[in-house]
Amino acid sequence: MSKKSSEKDDCNAVSEKKLNREKGAIKGTLSRIETFTSEKTVSKDTKITELQVKLKKLEQLQTQLNKISEEYCEIKTSEKFETIQQDIEQINERIKKFVPIVQLPIDEISLWTDSTIVLALIKTEPHKLKTFVSNRVAETQTLTEDCHWKHICSKKNPADLISRGCHADELLKNDMWFSGPDLQTDELEDNQFIPDPTYVDELKCAVTLTCNGYNLEFYDELFNRTNNFTKLIRIVSFIFRFINNIKAKECHNKVSKYLTAEELHRSTEFLARVAQLSEFKAEIDALKKGKDIAKTSKLKALDPFLDENALLRVGGRLNNSDLPFESKHQIILPSKHKFSTLLFEHLHKKILHIGARGLVHQIRLQYRPINGKGIARKIVHDCIGCLVLLKKMICLPASGQLQEF
């Protein structure tokens with residue numbers, strides 16, 4: 001146990017020495033960069049060649065700072081890491097202030113990095129990334145909004161000469177170490193590389209939920225929620241709008257205003273299709289397979305067919321007439337489904353409590369309910385408004401006698 005503890009203490013001591021050494025190097029580099037970026041060293045009378053030398057020296061110092069910070073961050077100490085992060089942010093602000101001071105015509109600002117992961121993250125929208133990475137990517141995109149990010153290979157990166165090992169004699173003869181790489185002939189755009197596979201680990205998990213199936217209980221609960229036909233149609237219309245807005249990838253495809261006539265018509269047809277499936281499922285399955293319906297079916301005399309929206313419609317011999325398509329081929333409705341009852345009640349009140357015959361006529365302009373006359377008579381008979389109106393008509397006083405002439 002004593003041997004292991006002594007080895008651990010030695011390792012901690014080495015790490016502490018390395019921390020102090022790297023911290024001193026960072027402070028020295030920061031002081032040199034502060035000298036180059038101070039306003040006193042740059043003026044309007046400064047020659048362009050001197051400014052170019054200062055800019056090149058500033059790039060070298062920034063490269064050196066990045067190298068030292070990478071080595072510094074390898075030792076995982078939270079307090080030290082926050083310190084180096086603050087130092088790097090300060091240096092970035094100084095460099096950002098230094099560019100406007102140099103009064104040179106700048107056509108384009110290019111930034112190079114040898115990390116394909118960094119380029120992939122910068123190109124990604126921040127909301128798609130995890131929180132920690134997203135905040136830093138958003139800040140980088142804001143600071144470098146007018147800059148062009150590019151990739152530089154390891155052979156052209158001066159920082160790799162030291163990090164990967166290089167003799168002093170070779171370093172003295174290396175022109176890239178003193179003058180930098182020839183970036184004009186070796187440019188790799190940010191969209192010409194394949195991102196590192198580890199880039200995917202920083203993305204948020206996309207959850208896709210797919211629901212398939214026909215749940216009768218859900219639709220029964222939906223029909224039982226309200227006895228108002230108009231309210232039921234609006235509820236289904238808002239459900240469809242919510243689904244369409246979720247699927248819409250672009251904001252201008254999303255709808256948030258009042259319901260349109262097209263949306264209401266779509267919802268009405270959907271509820272009619274649900275009503276048909278509850279009672280005519282066997283006939284619909286047979287027609288989908290291209291077979292004839294059973295001879296014992298209630299719909300045999302109506303010569304039914306399926307339209308483009310999978311709605312069951314009446315066939316008949318009115319194809320050559322001038323009537324609209326909805327009147328020539330009405331939608332077939334079951335007699336005992338609540339949708340049919342709500343539809344009859346809605347039209348009965350809409351047309352000012354029309355009688356049973358008139359109600360059947362209005363219904364058959366678009367729909368063909370089974371036993372429609374019986375449904376209409378029941379709706380009119382059970383209507384409280386019609387009973388009150390009939391009672392008032394019975395209580396009218398008898399008309400008086402005509403005068404003698």
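**Group meeting: a surface patch and a helix pair**

Let me begin with one residue, Ile162, which counts as partly exposed because its relative accessibility is 34%, a value that falls between the 20% under which a residue is called buried and the 50% over which it is called exposed. I should say at once that this is a predicted model, and that Ile162 sits in helix H6, which covers residues 159-163. Together with Leu172, Trp177 and Phe178, Ile162 makes a nonpolar surface patch of about 400 Å².

Turning from that patch to the chain, the accessible surface comes to about 29000 Å², and carbon and sulfur atoms hold 54% of that area. Of the 405 residues, 30% count as buried, and the secondary structure consists of 17 helices and seven strands. If we take the contacts with a separation of 6 or more, 63% of them join residues that are 24 or more positions apart.

Now to a pair of helices. In general, two packed helices are described by the angle between their axes and by the distance between the axes. For helix H10, residues 229-247, and helix H11, residues 261-279, the angle is about 105° and the axes are 8 Å apart. Angles of 65 to 115 degrees count as roughly perpendicular, and H10 and H11 are therefore roughly perpendicular to each other. On the H10 side the contact is made by residues including Phe229, Leu232, Ile233, Phe240 and Arg241, while the H11 side contributes, among them, Glu263, Leu264, Arg266, Phe270 and Leu271.

Technical notes:
Residues are numbered from 1 along each chain as its sequence is written. This is a predicted model: local features need pLDDT of at least 70, side-chain atom pairs count only at pLDDT 80 or more; totals for chains, interfaces and linings use all residues. Side-chain values use heavy atoms; hydrogens and water are left out. Helices (H or I, at least four residues) and strands (E, at least two) are DSSP runs, numbered from the N terminus. Buried means under 20% relative accessible area, exposed over 50%, partly exposed in between (1.4 Å probe, protein chains only). Contact means heavy atoms within 4.5 Å. Accessible areas come from the Shrake-Rupley method with a 1.4 Å probe; for residues, only the protein chains shown count as cover. Patches are made of residues with over 30% relative accessible area and no salt bridge: like charges are joined within 9 Å, nonpolar side chains (Val, Leu, Ile, Met, Phe, Trp, Tyr) within 5 Å. A salt bridge is a side-chain nitrogen of Lys or Arg within 4 Å of a carboxyl oxygen of Asp or Glu. Axes are lines fitted to C-alpha atoms, for helices over the stretch in contact, and angles run from 0 to 180 degrees between N-to-C directions. Angles under 35 degrees count as roughly parallel, over 145 as roughly antiparallel, 65 to 115 as roughly perpendicular and the rest as oblique.
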